[in-house]
Amino acid sequence: MNSNEIIISSKDRMGKAEQALKRELSTIRAGHANASLLNNVKVSYYGADTPLNQIASITIPEPRVIMVTPYDKSALDNIEKGILEANIGINPANDGDNIRLVVPQLTEERRKEIAKQVKATGEQSKVAVRNVRRDSMDSVKKGNKNDDFTDDEAHRLEDEIQKITDASIKNVEQIVADKEKEVMNG
């Protein structure tokens, strides 16, 4: 690997860790309706497990209500069953045409538990970023040992990798802080 490939690979992999964190945190309930709560719901539709968003429209008519309207009314019972099996902590209400999910108001204690969960998820992302840094540093050391890089170039690369790591860790901390604020103020 040349120096540019190491830097580009580091930025890319750290960016992916940040994106994974955002995806993970989007599924955490913050006391208000968010369609991403249903991202992991699979519905048995004509014998195949199908993502909910492919067989129904998902809307937010009120701040704490998610409305699921199937494209095919015959799938309504299967959608309700899929939501229950996904175990998202909200009981669906089937009115014959739509399914309503009322997101309950969170208690202060529950908000604190969720905030802890958000912090733990953030720590996992920081570990992932640091693992990328370690891999990149190992590549630099190996390159230096094989005379691909001079000592000065290796030190410059290590400094650049550290700067990228610091920036990525700061991004992770900001993402976590934003989510914690959303949960606590929900």
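Buried means under 20% relative accessible area, exposed means over 50%, and partly exposed lies in between (1.4 Å probe, protein chains only). Keep that at hand for the exercises below.

This is a predicted model, in which local features need pLDDT of at least 70, side-chain atom pairs count only at pLDDT 80 or more, and totals for chains, interfaces and linings use all residues. Residues are numbered from 1 along each chain as its sequence is written, and side-chain values use heavy atoms, with hydrogens and water left out.

**Exercise 1. Describe the fold and its overall dimensions.**

Step 1: Start with the elements, where helices (H or I, at least four residues) and strands (E, at least two) are DSSP runs numbered from the N terminus. The protein has 4 helices and 6 strands, in the order α-β-β-β-β-α-β-β-α-α.

Step 2: Turn to the dimensions. The radius of gyration is taken over C-alpha atoms, and the globule rule is 2.2 Å times the number of residues to the power 0.38. For 186 residues a compact globule would come out near 16 Å, but the protein has 22 Å. Its C-alpha trace spans about 70 × 40 × 20 Å along the principal axes.

Step 3: Finish with burial: 37% of the 186 residues are buried.

**Exercise 2. Work out which helices the salt bridge of arginine 13 connects.**

Step 1: Fix the criterion: a side-chain nitrogen of Lys or Arg within 4 Å of a carboxyl oxygen of Asp or Glu. The structure holds 10 salt bridges.

Step 2: Find the partner. Arginine 13 pairs with aspartate 135, with 2.9 Å between the closest N and O atoms.

Step 3: Place both ends. Arginine 13 sits in helix 1 (residues 3–26) and aspartate 135 in helix 3 (residues 108–145), 122 residues apart.

Step 4: Check accessibility. Arginine 13 is partly exposed at 35%, and aspartate 135 is partly exposed at 27%.

**Exercise 3. Set a salt bridge inside helix 3 beside one that reaches helix 4.**

Step 1: Take arginine 110 and glutamate 113, whose side chains meet at 3.1 Å, N to O. Both lie in helix 3, 3 residues apart, about one turn of the helix. Arginine 110 is partly exposed at 33%, as is glutamate 113 at 39%.

Step 2: Now take glutamate 173 and lysine 126, with closest N and O atoms 3.1 Å apart. Glutamate 173 lies in helix 4 (residues 151–185) and lysine 126 in helix 3, so this pair ties together parts 47 residues apart in sequence.

Step 3: Look at the two ends. Glutamate 173 is partly exposed at 38%, whereas lysine 126 is buried at 11%.
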